[in-house]
Amino acid sequence: VFLGIMSMNQVMGLITTERAVFYRERAVNTYSSGLFGLVIGICELPYVAFSSLVFCFILYWMAGMNHNWGWFFFWVLVFFLYMMFATFLGVMLVIVMPSQAVAQMIGSAYSVLMI
């Protein structure tokens with residue numbers, strides 16, 4: 001849960017700084033909002049995949065979970081999907097809310113509910 005919250009907060013700062021560039025380039029029809037979302041997803045994919053794999057590889061065996069590679073990769077997949085969800089939730093909150101502070105407050109409230 002902690003890595004998901006960290007990922008959500010990190011992407012909020014990034015999207016806040018890119019929001020002004022997006023508005024400027026959207027005004028002159030450089031690209032669409034769907035393409036912007038796709039690029040954000042593609043850019044976040046390697047970071048989330050790497051951090052999920054490293055975290056799961058250390059924690060899974062250290063916690064003494066089932067010593068089966070199939071269950072390990074299933075756990076990595078579930079954790080990766082959670083991390084992507086948290087990342088895109090942060091993106092959505094920054095885009096929908098009027099400021100980063102409001103987005104972080106709502107993201108924090110959601111994080112408390114997820115725990």
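# A walk through a four-helix model

Let me begin with a single residue, methionine 83, which is buried, because its relative accessible area is 1% and the cut-off for buried is under 20%. Methionine 83 is found in helix H3, and although methionine 83 and asparagine 9 are 74 residues apart in sequence, their C-alpha atoms are 12 Å apart in space. I start there as a reminder that the order along the chain and the arrangement in space have to be read together.

Before going further, I should say that this is a predicted model. The mean pLDDT of the protein chain is 89, and 99% of its residues reach 70 or more. Among the elements, helix H1, residues 2-27, has the lowest mean pLDDT, at 88, while H3 has the highest, at 92. As a general caution, where pLDDT is low, the predicted coordinates should not be read in detail.

Now to the overall layout. The protein chain has 4 helices and 0 strands, so that, read from the N terminus on, its elements run α-α-α-α. Taken along the principal axes, the C-alpha atoms fill a box of roughly 55 × 30 × 15 Å, and of the 115 residues in the chain, 31% count as buried.

Let me follow the chain for a moment, beginning in helix H1, where we find glutamine 10. Glutamine 10 has a relative accessible area of 43%, and it is therefore called partly exposed, since that value lies between the 20% and 50% cut-offs. Its C-alpha atom is separated by 13 Å from that of cysteine 43, a residue 33 places away along the chain.

In the loop between H1 and helix H2, which covers 33-62, we meet asparagine 29. Which sign does its phi have? The phi of asparagine 29 is positive, about 60 degrees, although the residue is not a glycine. That is worth pausing on, because most residues other than glycine have a negative phi. Asparagine 29 also counts as exposed, because its relative accessibility is 60% and the cut-off for exposed is over 50%.

Helix H3 deserves a little more time. Its N-terminal end is capped by asparagine 68, from which a side-chain oxygen lies 3.1 Å from the backbone nitrogen of glycine 70. We can also check the length of H3 with simple reasoning: the helix has 28 residues, residues 69-96, and at 1.5 Å a residue it should span 40 Å, which agrees with the 40 Å between its end C-alpha atoms.

Near the beginning of that same helix there is a pair of rings to look at. The count of aromatic pairs comes to 18, and one of them is formed by tryptophan 69 and phenylalanine 72, which meet edge-to-face, at 5.6 Å centre to centre and with 90 degrees between the planes. The two residues are 3 apart in helix H3, and so they are separated by about one helical turn. In general, an α-helix has 3.6 residues a turn, so residues three or four places apart point the same way. The two partners nevertheless have different labels, because tryptophan 69, at 49% relative accessibility, counts as partly exposed, whereas phenylalanine 72, with a relative accessible area of 2%, is buried. Both belong to one aromatic cluster, whose other members include Phe55, Trp61 and Tyr82.

Further along H3 is threonine 87, which is buried, because its relative accessible area is 0%. The side chain of threonine 87 makes a polar contact with the side chain of serine 7, at 2.6 Å.

Finally, let us turn to the empty space inside. How many cavities of 30 Å³ or more does the structure hold? It holds 1, and the volume of the largest cavity is about 50 Å³. Its lining includes Gly4, Met8, Tyr82, Leu89 and Ser111, and the elements that give two or more residues to that lining are H1, H3 and helix H4, 100-114. The largest share, 4 residues, comes from H3.

Of these lining residues, I would like to end on serine 111, whose place is in helix H4. Serine 111 counts as buried, because its relative accessibility is 7%. Serine 111 and phenylalanine 2 are 109 residues apart in sequence, yet their C-alpha atoms are 9.0 Å apart in space.

Conventions
Residues are numbered from 1 along each chain as its sequence is written. This is a predicted model: local features need pLDDT of at least 70, side-chain atom pairs count only at pLDDT 80 or more; totals for chains, interfaces and linings use all residues. Side-chain values use heavy atoms; hydrogens and water are left out. The expected span of a helix is 1.5 Å times one less than its number of residues. A polar contact is a pair of N or O atoms within 3.5 Å; within protein, one must be able to donate a hydrogen and the other to accept it, and residues adjacent in sequence count only if both atoms are side-chain atoms. pLDDT is the predictor's confidence in each residue, from 0 to 100. Rings of Phe, Tyr and Trp (its six-membered ring) pair if their centres lie within 6.5 Å; planes under 30 degrees apart count as stacked, over 60 as edge-to-face and the rest as tilted. Buried means under 20% relative accessible area, exposed over 50%, partly exposed in between (1.4 Å probe, protein chains only). On a 1 Å grid over the protein atoms alone, a cavity is a set of points where a 1.4 Å probe fits but cannot get out, and a pocket is an open set with protein on both sides within 12 Å along at least five of seven lines; lining residues have an atom within 4 Å of a point. Grid points are joined across faces, edges and corners, and a volume is the space filled by probe spheres set on the points.
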